[in-house]
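Grab the viewer and work through a few exercises. Try each task before you read its solution.

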Amino acid sequence: MATEDEERRGLIIVSNRLPLSVKEENGSYKSSLSSGGLVTALSGLTKSTNFRWFGWPGKAIEDPEEQKKVSDALAENSATGIFLDEQLAHDHYNNFCNSVLWPILHYQSGVAFNEDAWKAYQRANEIFADTVANEANAGDLIWVHDYHLLLLPSLLRERLEKQGKHCPIGFTLHTPFPAEDFWRAIPVQNDLLKGLLACDVIGFHTDEYRRNFTESCGRSLGANTEKAGQVQYEGHESCVGVFVVGIDPQKFNDSMQDRDVRKRIHELEKQYEGTTVIIGVDRLDYTKGLVQKLEGYDYFLNTYPELQGKVTLIQVAVPSREDVKEYQDLEKEISTLVGKINGEHATADWTPLIYMHRSVSFAELTSLYCIADICLLTSRRDGMNLVASEYVACQENKHGVLVLSELAGAASFMSGGSVTFHPSSVKELSDAVHKALTMDEKEKKERYEELREFITTHTRQC
């Protein structure tokens, strides 16, 4: 049974961006919950835990009176805003997090280091540390999230100790952690490792990412990694583990019972009657392998001309970082490929590829998952990829097949029930899709039941 102190203990969640959108209305502000993978993973806490969420509110607000109004609006949703000026927010997020850390963490080479961006990253982490340390109460559990705040644990520990507060600190990385050869490309790698090693617990999504981190700590810092699951450095011991992020299957079950969703499912089933539907849902990001997916699908259509008119890929590409040139170029490349595929293969009564470059509602997403015979995920690297679990949650009646990149984080746990392939091989992708398309009902059901077991035993409430 929890002691009285433990019952009073609060949970502080810290992420770069608050899971809230703030809008000005008649001179005041209103905040409302937004969507996202981290929100999905943690939303179950609202039912059982008293917590506060700290982060940037998504807009630069420098006037103290306006900051007070925004803070009041955020407080209604148990959130505390950490205010960064526009230039600092840009340099921290775009110039360092997205231009340096993101590609390195996803095993990309050739990344140019920017000293000014690094200083902005340090400064932003310091501002976060100042705010959280001042607001925290002794004994609060502090849970920091993701690559934007790798320095925060050590800065926070230092400030808390000066204030005489003892607070356990945990950290979860929602991206991959790369092999050492990639990680060493950052000249400040040791600073970032030291930042994390001030934590009591550090969590990764797969054993590969945990192992890469542990090995980097040992080789770069000389940390003691002999004890399994622990890293000892400068008198402090950090527990390092694998923590699987899940979804809430019941949320999808409830959606499938909704009258409007059932109507939409019926409409889509009628529209695609006699056609094998492949669904892809990804953020528009180079780590998701969208170019490789389309090239592989084009290869598939050329390899199996007898399937003309019988297969349709519906690809949802959620816009991401639209102000960044690399992402603009990626969208242009994908649009060109979409045009090429439909131009070469479409007929008067059949379109092989439906491309939706926009967000879709939860109801529409549920409907698409339900009618799809195959879900195709081609990630070149990612943290977990909850789309795999979301698709399975909607397939209890159909037993659709999950065709999953072997480099997706989810493949560490879901490969047994999936058809896996290497995302860089158009032939492997094509063969995997064909295997899924020709699989008998007995094997589909067996594979599905294995996947269903995983998603129901690794929910966001676990």
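The exercises below cover confidence, the sheet, the cores and one buried residue.

**Exercise 1.** Work out which stretch of this predicted model has a pLDDT below 50.

*Solution.* Start with the overall picture: the mean pLDDT is 93, and 94% of the residues reach 70 or more. Now look for the exception: over residues 1-7 the pLDDT is below 50. Beyond near neighbours in sequence, that stretch has 1 contact in the model. Where pLDDT is low, the predicted coordinates shouldn't be read in detail.

**Exercise 2.** Trace the open sheet from one edge strand to the other and describe its pairing.

*Solution.* Step one, the order: the 8 strands go β5-β4-β1-β6-β7-β8-β10-β9, with mixed pairing. Step two, the edges: β5 (79-81) and β9 each pair on one side only. Step three, the twist: ignoring direction, neighbouring strands are turned by 20° against each other on average.

Step four, check some pairs. β1 (residues 11-17) and β4 (residues 51-56) run parallel, joined by 5 bridges, and Ile13 stands opposite Trp53 in β4. β8 (residues 201-204) is also joined to β10 (residues 236-242) in parallel, through 4 bridges; here Val201 faces Cys239 in β10. β9 (residues 230-233) runs antiparallel to β10, again with 4 bridges, and Val231 sits opposite Ser238.

Step five, the turn: β9 and β10 make a hairpin with 2 residues between them, and Glu234 in that turn has a positive phi of about 50°.

**Exercise 3.** Find the helix that gives the most residues to the largest nonpolar core, and see where that helix lies.

*Solution.* First, the core: it has 62 residues, and those with the most contacts inside it are Val14, Leu101, Ile142, Trp183, Leu192 and Phe213. Next, the contributor: helix α5 (residues 115-135) supplies 10 residues. Then place α5: it lies across β1, β4 and β6 (141-145), running at about 160° to β4.

Zoom in on Val14. Leaving out residues up to four places away in sequence, its contacts include Phe54, Phe128, Val132, Ile142 and Leu152. A separate core of 41 residues lies apart from the largest one, with Ile247, Ile314, Met384 and Ala388 among its members.

**Exercise 4.** Decide whether Asn212 is buried or exposed, and list its contacts.

*Solution.* Locate Asn212 in helix α9 (residues 207-221). Its relative accessible area is 8%, so Asn212 counts as buried, the cut-off being under 20%. Setting aside neighbours within four places in sequence, Asn212 is in contact with Tyr107, Phe177, Pro178 and Ala179.

Conventions: Residues numbered from 1 in each chain as written. Predicted model: local features only at pLDDT ≥ 70, side-chain atom pairs only at ≥ 80, totals over all residues. Heavy atoms only, no water. Buried < 20%, exposed > 50% of the residue type's maximum accessible area, 1.4 Å probe, protein only. Contact = heavy atoms within 4.5 Å. Core = buried A, V, L, I, M, F, W, Y, C linked by side-chain atoms within 4.5 Å. Pairing = 2+ DSSP bridges. pLDDT = per-residue confidence, 0-100. Axes fitted to C-alpha atoms, helices over the stretch in contact; angles between N-to-C directions.
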